[in-house]
Amino acid sequence: MTEQPPGLAPATVVVTVGRPARRPGAPVNPPIELSSTYAAYPALEPDGVATNLGYGRASNATWEAFEEAVGALEGGRALCFASGMAAISAALAVLPADGPLVAPRTPYNTSGALIAEVEAAGREVRRVDVEDTPAVVAALDGARALWLESPTNPLMQVADLPVIIREAVARRVAVVCDNTFATPLLQQPLALGADIVVHSATKYLSGHSDLLMGVTVTRPVGPDAVPDPWYAALLAHRTRHGAIAGPFEAWLALRGIRTLHVRHERACANAADLARRLATHPEVTRVRYPGWGAMLAIEVPGSAQDAERVAAACRVWLGATSLGGVESLIERRRRYPGESELVPETLLRLSVGIEDVEDLWRDLDQALRVTRYPA
Ligand SMILES: *Cc1c(COP(=O)(O)O)cnc(C)c1O
């Protein structure tokens with residue numbers, strides 16, 4: 001892969017990283033390497049041990065191109081997985097298990113289910129309100145690991161990452177941060193001292209709602225030759241449990257990353273504009289928006305059914321789960337039985353896309369008014 005000059009801005013990194021080395025005739029994009037196995041002979045080393053690629057469950061050149069790009073953005077070394085949950089499972093599995101795990105009270109619902117599974121298996125889990133920094137810090141005493149998500153999905157709670165991570169590091173508590181909502185463009189937990197960053201690459205990183213993938217990113221502890229324990233543990237987990245991404249998905253995700261910066265910039269600008277207008281909308285009782293990012297949640301008056309009617313009345317916004325794609329999505333989270341009861345019944349989560357903001361506003365505005373003025 002290409003060597004990058006140092007100090008490039010993220011808008012440049014997303015375009016330049018993870019491309020084949022520049023040689024006459026080299027392709028601009030990495031090929032989609034479709035191979036389950038790799039030739040082992042002649043051996044590269046005189047002692048006969050093959051050091052080249054071995055098997056498609058362990059490594060793949062297309063994954064590596066994608067991993068190089070995500071690693072450059074997060075400031076670490078990335079490993080891709082079959083889905084966000086596969087990456088999250090691996091991260092949870094490699095954390096020290098001989099002591100309490102501190103976790104958000106309302107994380108992404110499937111992460112919450114997985115944490116509950118770990119708890120049912122005998123692990124102490126201390127659930128905290130991530131916005132209550134003193135409570136989070138108090139829970140770190142005697143803990144072994146901290147699971148963070150900020151902003152949280154879908155309550156949009158923001159954790160004070162610099163303070164919380166600093167306090168965790170001081171207590172030798174291992175820190176994982178789900179950075180899916182913020183993206184590495186807005187927040188880089190590894191630089192704050194986190195041990196592992198996880199992403200659902202299904203969302204902003206790939207950005208087109210056309211694949212599922214996950215990624216872990218860890219901070220190298222020394223020069224390349226020094227083994228990085230988190231990286232090694234995650235790689236071993238991926239190879240043993242086999243939750244690997246398809247090469248085609250990795251290629252598509254890398255293609256998506258090329259436009260991450262411009263997509264996200266537009267989506268964030270649209271979200272800021274909509275959040276401002278929604279704050280005074282007569283049919284909105286609460287706007288949850290951290291002041292940045294492209295995700296927001298609103299609460300509407302009335303019942304769950306009224307909120308469902310708003311989502312159903314949208315014609316530009318698509319009523320669907322997931323987030324982080326170019327298209328704007330709206331959904332009532334409590335329609336899923338797995339969603340936390342702490343999430344209000346009338347909360348609508350908005351994943352703001354890159355469409356024209358006036359079209360988004362007009363559509364949302366007419367949809368919000370359907371319950372009061374039914375057709
Ligand atoms: C979607 C999501 C996940 C799960 O990712 P998948 O790719 O669907 O497995 C994890 N965390 C957050 C914050 C998410 O939004």
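Two strands are taken as paired if DSSP finds at least two bridges between them, and the views below apply this to a predicted model.

**View 1. The open sheet of 5 strands, with mixed pairing.** Across this sheet the strands follow the order 8-9-12-11-10. The edges are held by strand 8 (286-288) and strand 10 (318-319), each of which has a single partner strand, so one side of each is left without a neighbour in the sheet. Helix 11 (residues 260-278) packs on the sheet and touches strand 8, strand 9 and strand 12, with a direction that makes about 15 degrees with that of strand 9.

**View 2. The antiparallel pair formed by strand 9 and strand 12.** Strand 9 (residues 295-299) is joined to strand 12 (residues 347-351) by 5 bridges. One residue pair to look for in this view is Glu299 with Leu347, its bridge partner in strand 12.

**View 3. The open sheet of 7 strands, also described as having mixed pairing.** Here the strand order is 1-7-6-5-4-2-3, and the edge strands are strand 1 (77-81) and strand 3 (125-128), each of which pairs on one side only. On average, and with direction ignored, neighbouring strands of this sheet are turned by 20 degrees against each other. Within the sheet, strand 5 (residues 174-178) and strand 6 (residues 196-200) pair in the parallel sense over 3 bridges, and Val176 has Ile196 as its bridge partner in strand 6.

**View 4. Helix 4 and helix 9 against strands of the sheet of 7 strands.** Helix 4 (residues 109-120) lies across strand 2 (101-104), strand 3 and strand 4 (145-149), and runs at about 145 degrees to strand 3. Helix 9 (residues 229-241) lies across strand 1, strand 5, strand 6 and strand 7 (214-218), and its angle to strand 1 is about 15 degrees.

**View 5. The ligand and the residues that surround it.** The ligand is surrounded by 14 residues, of which the closest are Met85, Asp178, Ser200, Thr202 and Lys203. By residue type, this shell divides into 6 nonpolar, 6 polar and 2 charged, and its largest share, 3 residues, comes from helix 3 (residues 84-94). Several polar atoms of the protein can be followed to oxygen atoms of the ligand: a polar backbone atom of Met85 is 2.8 Å from an oxygen atom of the ligand, a polar side-chain atom of Asn153 lies 3.1 Å from an oxygen atom of the ligand, and for a polar side-chain atom of Thr202 the distance to an oxygen atom of the ligand is 2.6 Å. Taken alone, the ligand exposes 380 Å², and the protein buries 93% of that.

**View 6. Two cis peptide bonds, Ser150 to Pro151 and Asn153 to Pro154.** The peptide bond that joins Ser150 and Pro151 is cis, with omega about -5 degrees, and Pro151 is found in the loop between strand 4 and helix 6 (161-170). The bond from Asn153 to Pro154 is likewise cis, with omega near 5 degrees, and Pro154 has its place in the loop between strand 4 and helix 6. Asn153 also appears in the ligand view, where a polar side-chain atom of Asn153 lies 3.1 Å from an oxygen atom of the ligand.

**View 7. The backbone at Arg172, in the loop between helix 6 and strand 5.** Phi of Arg172 is near 55 degrees, which is a positive value in a residue other than glycine.

How values were computed. Residues are numbered from 1 along each chain as its sequence is written. This is a predicted model: local features need pLDDT of at least 70, side-chain atom pairs count only at pLDDT 80 or more; totals for chains, interfaces and linings use all residues. Side-chain values use heavy atoms; hydrogens and water are left out. Helices (H or I, at least four residues) and strands (E, at least two) are DSSP runs, numbered from the N terminus. Contact means heavy atoms within 4.5 Å. Axes are lines fitted to C-alpha atoms, for helices over the stretch in contact, and angles run from 0 to 180 degrees between N-to-C directions. A residue is near a molecule or strand if one of its heavy atoms lies within 4 Å of it. A polar contact is a pair of N or O atoms within 3.5 Å; within protein, one must be able to donate a hydrogen and the other to accept it, and residues adjacent in sequence count only if both atoms are side-chain atoms. Accessible areas come from the Shrake-Rupley method with a 1.4 Å probe; for residues, only the protein chains shown count as cover. Ala, Val, Leu, Ile, Met, Phe, Trp, Tyr, Cys and Pro count as nonpolar, Asp, Glu, Lys and Arg as charged, and the others, Gly among them, as polar.
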